Amino acid sequence: MRYEGKIYRPPSEADAYILQATIGCSWNRCTYCDMYSDKVYRERDTDAVLEDLRTAAAIARSRVDKIFVGDGDALGMPMDRWLAILKAAEAGFPRLRRVSCYATAINILKKTPEELARLREAGLSRLYIGPESGDDATLKRIAKGSTYAEHVLAAERARAAGIELSVIVLLGIAGTERAAEHAAATARLITAMDPAFASALTTTVVPKTPLHTLQTRGRFALPSVVEMLRELRTIVDEARPTDALFRTNHASNYLAIGGRLPRDRAAILATIDSAIAGEVTLRPEWARGL
């Protein structure tokens, strides 16, 4: 596998074949993120990407059933590139059951409903999208590039095309200043986006990011672990998706939980309450990842 730079992928794609079709992130302005700060966004040569697929098929044709297309927001690629990749993936891997990628509200909305439907028909079946917050003031402060309403519209278009959505939110990203507003609005956003999957990660202030600069200047304060667990509790308690698998299985989290909303809401809340009360062992700081 050829890959430039560090590999980032969702936890649920740990056993997927990772295909780098783009390098970096086309937005790359979020104040908390340094994942692609060392890369200049560009699309890889299509022939090279297709060659990677052929090589992987020759080695692991019968073993690959999932492909994750990287880097940061590969959905932004033009339709002809996407269709060529999806056609080659289908031809090369007879057991293929899922092709997925990261996406943003921006590049979902740049695709027409017809284009999204065509991508789904060709095999693109899941998008991972990270609004991080449903609070417009927080979205603006972290330079997410899209509003609450734009994330909702993007989700509606993806779902209408038959594409599964996995929505990612960030505990602590609003700081202590708007923690309550962030949690409540994020619950509303999950309800409105109505994803098949939702997950919460925990904010880590990464050195040399704009968020770190704000922190060093006293303009951002990360909530305590207990306060972030309270944010998590509000999100679980108030979100009303139709039927979503909700998880906090990312390495950044202090508490790993999982279940379906709304079915398992009471059990999840009981676990969070136990953690807030100090009755559950949390992941130690040294064991957390980004």
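Student: How do you know that residues in helix 9 meet residues in helix 10?

Tutor: Contact here is a matter of heavy atoms within 4.5 Å. In this predicted model, Val 226, Leu 229, Arg 230, Leu 232, Arg 233, Val 236 and Asp 237 are the residues of helix 9 that meet helix 10. On the helix 10 side stand Arg 265, Ile 268, Leu 269, Ile 272, Asp 273, Ala 275 and Ile 276. By class, this contact has 9 nonpolar, no polar and 5 charged residues.

Student: What makes 5 residues of that contact charged?

Tutor: Asp, Glu, Lys and Arg count as charged. Arg 230, Arg 233 and Asp 237 in helix 9, with Arg 265 and Asp 273 in helix 10, therefore belong to that class.

Student: Why are helix 9 and helix 10 called roughly antiparallel?

Tutor: The axes of helix 9 (residues 225–238) and helix 10 (residues 265–276) cross at roughly 170° and come within 10 Å. Angles over 145 degrees count as roughly antiparallel, so this pair is given that name. As for handedness, helix 9 passes helix 10 in a left-handed crossing.

Student: What makes helix 7 and helix 9 roughly parallel?

Tutor: Their axes cross at roughly 30° and come within 8 Å. The cut-off for roughly parallel is under 35 degrees, so the name applies to helix 7 and helix 9. This crossing is right-handed.

Student: Which residues of helix 7 meet helix 9?

Tutor: Helix 7 brings Ala 179, His 182, Ala 183, Ala 184, Thr 186, Ala 187, Ile 190 and Thr 191, and helix 9 brings Glu 231, Thr 234, Ile 235 and Glu 238. They divide by class into 6 nonpolar, 4 polar and 2 charged residues. Glu counts as charged, so Glu 231 and Glu 238 are the charged pair.

Student: Why are helix 6 and helix 7 called roughly parallel?

Tutor: Helix 6 (residues 148–160) and helix 7 (residues 179–193) pack at about 25°, with axes 9 Å apart. That angle is again set against the cut-off of under 35 degrees, and therefore helix 6 and helix 7 count as roughly parallel. Helix 6 passes helix 7 in a right-handed crossing. Tyr 148, His 151, Val 152, Ala 155 and Arg 159 in helix 6 meet Ala 185, Arg 188, Leu 189, Ala 192 and Met 193 in helix 7. The classes of these residues are 7 nonpolar, 1 polar and 2 charged.

Student: What makes the space lined by Leu 171 and Thr 202 a cavity?

Tutor: A cavity is a set of points where a 1.4 Å probe fits but cannot get out. The search of the whole structure finds 1 cavity of 30 Å³ or more, and the largest cavity has a volume of about 50 Å³. It is lined by Leu 171, Thr 202, Val 225, Met 228, Leu 229, Leu 232, Thr 248, Asn 253, Tyr 254 and Leu 255. Helix 9 gives the most to this lining, with 4 residues. By class, the lining has 7 nonpolar, 3 polar and no charged residues.

Student: How do you know that Tyr 254 does not add to the 3 polar residues of that lining?

Tutor: Tyr counts as nonpolar here, so Tyr 254 belongs with the nonpolar residues. Thr and Asn are not among the nonpolar or charged kinds, so Thr 202, Thr 248 and Asn 253 count as polar.

Student: Where does the largest share of the lining of the second largest pocket come from?

Tutor: Helix 3 (residues 105–110) supplies that share, 3 residues. This pocket has a volume of about 200 Å³. Its lining consists of Ser 26, Trp 27, Asp 73, Gly 76, Thr 104, Ile 106, Asn 107, Lys 110, Lys 111 and Glu 115. Those residues divide into 2 nonpolar, 4 polar and 4 charged.

Student: Which residues lie nearest the centre of the largest pocket?

Tutor: Met 35, Tyr 102, Glu 132, Ile 168 and Leu 201 do, out of 45 lining residues. The volume of the largest pocket is about 1000 Å³. Strand 5 (98–103), strand 6 (124–132), strand 7 (164–171) and strand 8 (197–202) each supply at least two residues of its lining.

Student: What makes Asn 28 worth a look?

Tutor: Asn 28 has a positive phi of about 55° although it is not a glycine. The residue lies in the loop between strand 2 (22–23) and strand 3 (42–43).

Key: Residues numbered from 1 in each chain as written. Predicted model: local features only at pLDDT ≥ 70, side-chain atom pairs only at ≥ 80, totals over all residues. Heavy atoms only, no water. Axes fitted to C-alpha atoms, helices over the stretch in contact; angles between N-to-C directions. Parallel < 35°, antiparallel > 145°, perpendicular 65-115°, else oblique. Left-handed = near helix turned anticlockwise from the far one by under 90°. 1 Å grid on protein atoms, 1.4 Å probe; cavity = no way out; pocket = protein on both sides within 12 Å on 5 of 7 lines; lining within 4 Å. Points joined across faces, edges and corners; volume = space filled by probe spheres on them.
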